[in-house]
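Me: Hi! I'm new to reading protein structures and would like to go through one step by step. Could you help me with some questions?

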Amino acid sequence: MLAEILKNSLKKYTAHPVSFIYTEIIRVFSLLVTAFAATSIVLLALLAASTFEASKPYVVAITGTVALVALIFFAYMAAGYRGAMIHEFVNAEGGSAHMRTFYQNAMKKASTYFAIFILNFIIVAIAAVPVALIIYFMKLDLSSPIAIALILLLAGVKLLLQYIFAFAFISSAVKDAPAFVSLKSGFNTLIKNPLQAVVLYAIYFITMMLMLVPGVNLVSLLALHPLVYLMMINMYRSTRSY
């Protein structure tokens with residue numbers, strides 16, 4: 001069945017590669033613009049604070065609040081872009097990906113996508129607590145082998161959760177379902193297809209690692225990344241929960 005999903009996904013990608021590449025470019029461009037906007041807000045707050053006595057508690061509190069709001073703004077929009085990317089991948093199967101529908105979906109469903117992201121973030125944060133405590137109480141240098149191993153372990157957990165919650169994003173984007181229903185439907189896909197889910201995660205993991213390799217990262221972003229998501233979308237569709 002996985003071979004059939006791969007064959008079907010590859011056929012759809014090669015039929016309209018420009019639509020998938022275009023969607024990836026829009027998402028990356030949107031992330032960069034949003035990151036620039038959020039950073040600019042923080043820098044303006046720091047600049048404004050520098051005109052006052054930066055050591056005063058209220059100045060520090062205001063600056064910290066602005067930075068937190070900017071970070072939440074970026075996370076909110078990034079979640080929207082991720083869901084909109086999946087929505088446009090579905091449209092791209094027919095060769096009809098558009099910037100207008102990308103942003104429409106990102107704005108319309110941002111709150112749903114953000115709710116899924118928040119749950120993902122909370123679980124990662126909980127997993128990070130014991131790692132931080134071990135490093136703190138053992139007074140480990142971040143360059144020490146144990147600290148590096150713990151950080152890599154945490155990064156692995158984060159990537160695994162990112163993959164798991166991707167199916168909730170897919171459910172919300174494909175079925176236009178609310179957050180709770182999307183989480184349930186997405187998790188059901190993984191539970192009902194354990195072997196396929198593990199193999200597909202291995203492909204997902206390799207794809208994400210290749211994004212860190214200079215020269216190969218562009219190919220991974222524009223070709224492998226949408227192809228992996230197509231496989232995930234098709235696996236979701238093939239499950240009875242769909």
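**A walk through the model**

Reply: Happy to help, and let's start with one lysine. This is a predicted model. Lys109 has a relative accessibility of 5%, and buried means under 20%, so Lys109 counts as buried.

Me: Which residue forms a salt bridge with Lys109?

Reply: Let's begin with the general idea: side chains of opposite charge can pair when their charged atoms come close. For Lys109, the closest N and O atoms of the pair are 3.2 Å apart. The partner of Lys109 in this salt bridge is Asp176.

Me: How many residues apart are Asp176 and Lys109 along the chain?

Reply: Asp176 sits in the loop between α6 and α7, while Lys109 sits in the loop between α4 and α5. The pair therefore links distant parts of the chain, and the separation is 67 residues.

Me: Is Asp176 buried, partly exposed or exposed?

Reply: Its relative accessibility is 48%. Exposed would need over 50% and buried would need under 20%. The value for Asp176 falls in between, so Asp176 counts as partly exposed.

Me: Which residues are linked in a network of salt bridges?

Reply: Let's follow Glu93. Glu93 forms a salt bridge with Lys12, where the closest N and O atoms are 3.1 Å apart. Glu93 also forms a salt bridge with Arg237, at 2.9 Å between the closest N and O atoms. The linked residues are Lys12, Glu93 and Arg237.

Me: Is Glu93 buried or exposed?

Reply: The cut-off for buried is under 20% relative accessible area. Its partners Lys12, at 21%, and Arg237, at 23%, are partly exposed. Glu93 has a relative accessibility of 15%, so Glu93 counts as buried.

Me: How many salt bridges does the count come to?

Reply: We have met Glu93 with Lys12, Glu93 with Arg237, and Asp176 with Lys109. These are among the salt bridges in the count, which comes to four.

Me: What is the distance between the end C-alpha atoms of helix α2?

Reply: Helix α2 covers residues 17-50, which is 34 residues. At 1.5 Å a residue, α2 should span 50 Å. The distance in the model agrees with that: the end C-alpha atoms are 49 Å apart.

Me: Which residues of α2 are in contact with Ala97, leaving aside its neighbours within four places in sequence?

Reply: Ala97 is found in the loop between α3 and α4, and at 10% relative accessibility Ala97 counts as buried. Its contacts include Glu88, Asn91 and Ala92. As α2 spans residues 17-50, the contacts of Ala97 in α2 are Ser19, Tyr22 and Thr23.

Me: Which residue makes a side-chain polar contact with Thr239?

Reply: Thr239 lies in the segment after α9 and is buried, at 5% relative accessibility. Beyond four places in sequence, Thr239 is in contact with Asn188, Thr189, Lys192 and Asn193. The polar contact, at 2.9 Å between side chains, is with Asn193.

Me: What is the accessible area of the nonpolar patch formed by Ile118, Phe121, Ile122 and Ile126?

Reply: One of its members, Ile126, is in helix α5 and counts as exposed at 56% relative accessibility. An α-helix has 3.6 residues a turn, so residues three or four places apart point the same way. Together, Ile118, Phe121, Ile122 and Ile126 have an accessible area of about 360 Å².

Terms used
Residues are numbered from 1 along each chain as its sequence is written. This is a predicted model: local features need pLDDT of at least 70, side-chain atom pairs count only at pLDDT 80 or more; totals for chains, interfaces and linings use all residues. Side-chain values use heavy atoms; hydrogens and water are left out. Helices (H or I, at least four residues) and strands (E, at least two) are DSSP runs, numbered from the N terminus. The expected span of a helix is 1.5 Å times one less than its number of residues. Buried means under 20% relative accessible area, exposed over 50%, partly exposed in between (1.4 Å probe, protein chains only). A polar contact is a pair of N or O atoms within 3.5 Å; within protein, one must be able to donate a hydrogen and the other to accept it, and residues adjacent in sequence count only if both atoms are side-chain atoms. Contact means heavy atoms within 4.5 Å. A salt bridge is a side-chain nitrogen of Lys or Arg within 4 Å of a carboxyl oxygen of Asp or Glu. Patches are made of residues with over 30% relative accessible area and no salt bridge: like charges are joined within 9 Å, nonpolar side chains (Val, Leu, Ile, Met, Phe, Trp, Tyr) within 5 Å. Accessible areas come from the Shrake-Rupley method with a 1.4 Å probe; for residues, only the protein chains shown count as cover.
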